[in-house]
Amino acid sequence: MKVSRISERVHYIGVNNRTSEIFEAMWPIPYGVSYNSYLVSGSEKSAIIDGVDANYALRQIDHIYELDGGRHPEYLIINHMEPDHSGAIRMLRNAFPNITIVGNAQTLAMVKGFYGVDTNTLVIKDGDTLSLGDGTTLRFALTPMVHWPETMMTFLEEEKTLFSGDAFGCYGALNGAVVDTDMNTDHYFPEMVRYYSNIVGKYGQFVQRALKKLENLEISTICTTHGPVWRSRLSEVVDLYDKLSRYEPLDNGVTIIYGSMYGNTEAMAERAAEAFAEAGIRDIAVHNASMADLSYMLADIFRHRGLVIASPTYSDTLFPPIRNVMEAIVTRGVKNREIMMVGSCSWSQQAVKVMSGYLDALNTSCTVDPLTIKHAPTSEQIEQCREAAKTLAGKLLDKED
């Protein structure tokens, strides 16, 4: 991305990554990802807010030279220390030797631990302010565990602009424009759900605390570290994060996730999908856990109220691809779902027992009685599966009234 003017005081100096296939070494990013950084200029001083991945540091530095001319920024404010935002720190320090690194105590400890930098730093606390000159005041709000312990946000008071770190971010590179008013942002919203479910999902209670902390601020612009700058759709973005962090489904659809070695468990999953459709459920996502990426399965689980898990027994326990899904669900503390389980086996039924243990860890249970099959499903068992799905569908449809 080129340097882009967001306001009189704020310019975008971030970069796009369109070459990596995965994010955090596991999550697919078919549309790329942006590493957003901003330069805030006051009458006396300027501050970089958030860095970029180390591989893109020179591009960011070129942006700063292009924008600031002979003037060097006085501050580097770090809202989040994850290396996709802090990896450029040493190169920024080399380019601007006198720059002061600003962060809270945990941030600066991480700066030293990750990069060995511990000189010319400024420790800030919750509520502290930093002036860049008359009419340019930055206020800091600590928001721990959104989604690292040092995370914080920076608020430009005079422009009502929030630099939110990873909060309100999403996958997807920026395609020419930076601010949502200058682009069609529809395709970023599914990527925001996937980003949240993949990365932030475990920390719902901390997101809620951060939202509570921000509720008295009058915010006109949100500058995230990934994805568009939000203005016209700001309220939609905040509402989405609010709902996701309360583990509230976005709709009354159904996600069906199954594992199947020889097609018998798959047959039950397919019959369940048909029954949901016949009952009037229009949003149904079916995933073969052996083939689908966990990233997309989690996004659908966060999106839908209904959840069906079907698994064979494997080595006297749960089929490994389904076990991975169950562990991810428990790690994220998913709740408020209507659940159906199907277990199959050849000689010893363990799948339902193990899946029930995962649900116990979430303090939840199945909405309909679990189904078990041995060997291939009989016509009677297939009909039982269909009836269970229709019962679950009725509960979902009731939620729409």
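The exercises below, each with a worked solution, concern a predicted model.

**Exercise 1.** Determine how the axes of helix 5 and helix 9 are oriented towards each other, and which residues make the contact.

*Solution.* Two packed helices are described by the angle between their axes and by the distance between the axes. Begin with these two values: the axes of helix 5 (residues 188–200) and helix 9 (residues 294–303) come within 8 Å, and they cross at roughly 100°. Angles of 65 to 115 degrees count as roughly perpendicular, and therefore helix 5 is roughly perpendicular to helix 9. Next, look for the residues that make the contact, which are V193, R194, Y196, S197 and N198 on helix 5, together with S295, Y296, L298, A299 and F302 on helix 9. Finally, sort these residues of the contact by character, which gives six nonpolar, three polar and one charged.

**Exercise 2.** Describe how strand 17 and strand 18 pair, and how the chain crosses from one to the other.

*Solution.* Strand 17 (residues 251–258) pairs with strand 18 in the parallel sense, over five bridges, and Y258 stands opposite N288 in strand 18. Then follow the chain from strand 17 through helix 8 (residues 264–279) to strand 18, a β-α-β crossover that is right-handed. To complete the picture of strand 18 (residues 284–288), consider its faces: in a regular strand the side chains alternate between the two faces of the sheet. Here A285 and H287 belong to the covered face, whereas I284, V286 and N288 belong to the uncovered one.

**Exercise 3.** Find out how far strand 19 is enclosed, and with which strands it pairs.

*Solution.* Start with burial, where a residue counts as buried under 20% relative accessible area. Because 10 of the 11 residues of strand 19 (residues 304–314) are buried, this strand is largely enclosed by the rest of the structure. Now take its partners in turn. Strand 17 runs parallel to strand 19 and is joined to it by six bridges, with V254 opposite G306. Strand 21 (residues 338–345) also runs parallel to strand 19, through seven bridges, and here V308 stands opposite M340. Strand 20 (residues 317–318), by contrast, pairs with strand 19 in the antiparallel sense over two bridges, and Y314 has T317 as its bridge partner. In the hairpin of strand 19 and strand 20, two residues lie between the strands, and S315 takes a positive phi near 50°.

Methods
Residues numbered from 1 in each chain as written. Predicted model: local features only at pLDDT ≥ 70, side-chain atom pairs only at ≥ 80, totals over all residues. Heavy atoms only, no water. Axes fitted to C-alpha atoms, helices over the stretch in contact; angles between N-to-C directions. Helix = DSSP H or I, 4+ residues; strand = E, 2+ residues; numbered from the N terminus. Parallel < 35°, antiparallel > 145°, perpendicular 65-115°, else oblique. Contact = heavy atoms within 4.5 Å. Nonpolar A, V, L, I, M, F, W, Y, C, P; charged D, E, K, R; others polar. Buried < 20%, exposed > 50% of the residue type's maximum accessible area, 1.4 Å probe, protein only. Pairing = 2+ DSSP bridges. Right-handed = clockwise from strand over helix to strand, strands pointing away.
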